[in-house]
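Subject: The structure you asked about

Hello,

Here is the structure I promised to pass on. Have a look at it first, and then read on for my notes.

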Amino acid sequence: MTRSGSLAYYLTAWICGCFFMSLAVWTRDWFGANADNAFSTHSVFGLIFIYFYALVFGAVAALAGGFLLRRAMAALKCKTPSHWAIAGAILAPAVVASFGLWGRHIGIEEGSGISFLRIITYGPKIVVETGWWLAIPAGAAIAYLLCRVQRAFAGQQAPQPS
């Protein structure tokens with residue numbers, strides 16, 4: 001493993017963070033319309049479809065949010081999951097909004113070509129367009145889980161060579 005569980009922490013931030021955000025977007029979409037087709041975005045297939053694209057287009061935002069959360073909680077010396085959840089509920093909308101607004105700005109200025117910046121900002125831009133407030137419960141849920149991962153690996157740090 002890596003030092004202080006960094007690999008497990010950032011994989012959890014990416015995999016679970018994208019799932020919680022996909023679940024929030026899917027739930028908003030599900031309550032917003034009726035589902036007649038089994039392959040619409042309102043079915044379970046739709047959740048899997050949204051989640052797959054969230055893993056691709058939301059990876060950078062999820063990893064950036066996990067990094068900022070870990071650094072902020074270390075600076076504040078917060079170790080309880082409730083503190084992490086509150087911080088995640090505040091930090092996630094800020095990260096999603098910053099990436100999403102950056103994605104809107106990129107879309108206005110450049111032509112119709114695909115660039116790396118458009119790819120990393122497309123997922124947050126969709127969340128901002130769907131509803132920025134969806135990042136609040138998703139951010140709280142992932143921050144709670146990230147606290148649990150951080151605490152699980154906190155006592156297993158490798159000894160320093162003398």
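Below is what I found, going from the overall fold to single residues.

Please keep in mind that this is a predicted model. The protein has 162 residues, and 41% of them count as buried. Its secondary structure consists of 6 helices and 0 strands, so if you follow the chain from the N terminus you will read α-α-α-α-α-α. Of the contacts with a separation of 6 or more, 74% are between residues 24 or more positions apart. On the outside, the protein exposes about 9600 Å², and 69% of that comes from carbon and sulfur atoms.

Let's go inside next. In soluble globular proteins, nonpolar side chains tend to be buried together. The largest nonpolar core here has 15 residues, and the members that touch the most others are Tyr9, Leu69, Met73, Trp84, Leu146 and Val149. At least two residues of this core come from each of helix 1 (6-32), helix 3 (59-76), helix 4 (81-109) and helix 6 (135-154). Helix 6 gives the largest share, with 6 residues. There is also a second, separate core, made of 10 residues, with Met21, Val96, Val128 and Ala138 among them.

Leucine 69 is a good place to start if you want to explore the largest core. Setting aside neighbours within four places in sequence, leucine 69 is in contact with Tyr9, Trp84, Ala87, Gly88, Leu91, Ala143 and Leu146.

One of those partners, alanine 87, is worth a visit too. Alanine 87 sits in helix 4. Is alanine 87 buried or exposed? Its relative accessibility is 15%, so alanine 87 counts as buried, the cut-off being under 20%. Beyond its neighbours within four places in sequence, alanine 87 is in contact with Leu69 and Met73. If you measure across to alanine 72, which is 15 residues away in sequence, you will find 8.6 Å from C-alpha to C-alpha.

Now for a residue that carries a polar side chain contact. Arginine 70 belongs to helix 3, and it counts as buried because its relative accessibility is 7%. Which side chain does arginine 70 join through a polar contact of 2.9 Å? The partner is glutamine 150. Not counting residues up to four places away in sequence, arginine 70 touches Ser4, Gly5, Ser6, Tyr9, Tyr10, Trp84 and Gln150. Two of these names, Tyr9 and Trp84, will be familiar from the largest nonpolar core.

Finally, turn the model to look at its surface. Phe45, Phe49, Phe52, Tyr53 and Val56 make a nonpolar surface patch of about 490 Å². Two of the patch residues are easy to place. Phenylalanine 52 is in helix 2, and with a relative accessible area of 49% it is partly exposed. Its C-alpha atom is separated by 8.9 Å from that of phenylalanine 19, 33 residues apart along the chain. Valine 56 is also found in helix 2, which covers residues 44-57. At 46% relative accessible area, valine 56 is partly exposed.

I hope this helps you find your way around.

Best wishes

Methods:
Residues are numbered from 1 along each chain as its sequence is written. This is a predicted model: local features need pLDDT of at least 70, side-chain atom pairs count only at pLDDT 80 or more; totals for chains, interfaces and linings use all residues. Side-chain values use heavy atoms; hydrogens and water are left out. A nonpolar core is a set of buried Ala, Val, Leu, Ile, Met, Phe, Trp, Tyr and Cys residues joined through side-chain atoms within 4.5 Å. Buried means under 20% relative accessible area, exposed over 50%, partly exposed in between (1.4 Å probe, protein chains only). Helices (H or I, at least four residues) and strands (E, at least two) are DSSP runs, numbered from the N terminus. Contact means heavy atoms within 4.5 Å. A polar contact is a pair of N or O atoms within 3.5 Å; within protein, one must be able to donate a hydrogen and the other to accept it, and residues adjacent in sequence count only if both atoms are side-chain atoms. Patches are made of residues with over 30% relative accessible area and no salt bridge: like charges are joined within 9 Å, nonpolar side chains (Val, Leu, Ile, Met, Phe, Trp, Tyr) within 5 Å. Accessible areas come from the Shrake-Rupley method with a 1.4 Å probe; for residues, only the protein chains shown count as cover. A salt bridge is a side-chain nitrogen of Lys or Arg within 4 Å of a carboxyl oxygen of Asp or Glu.
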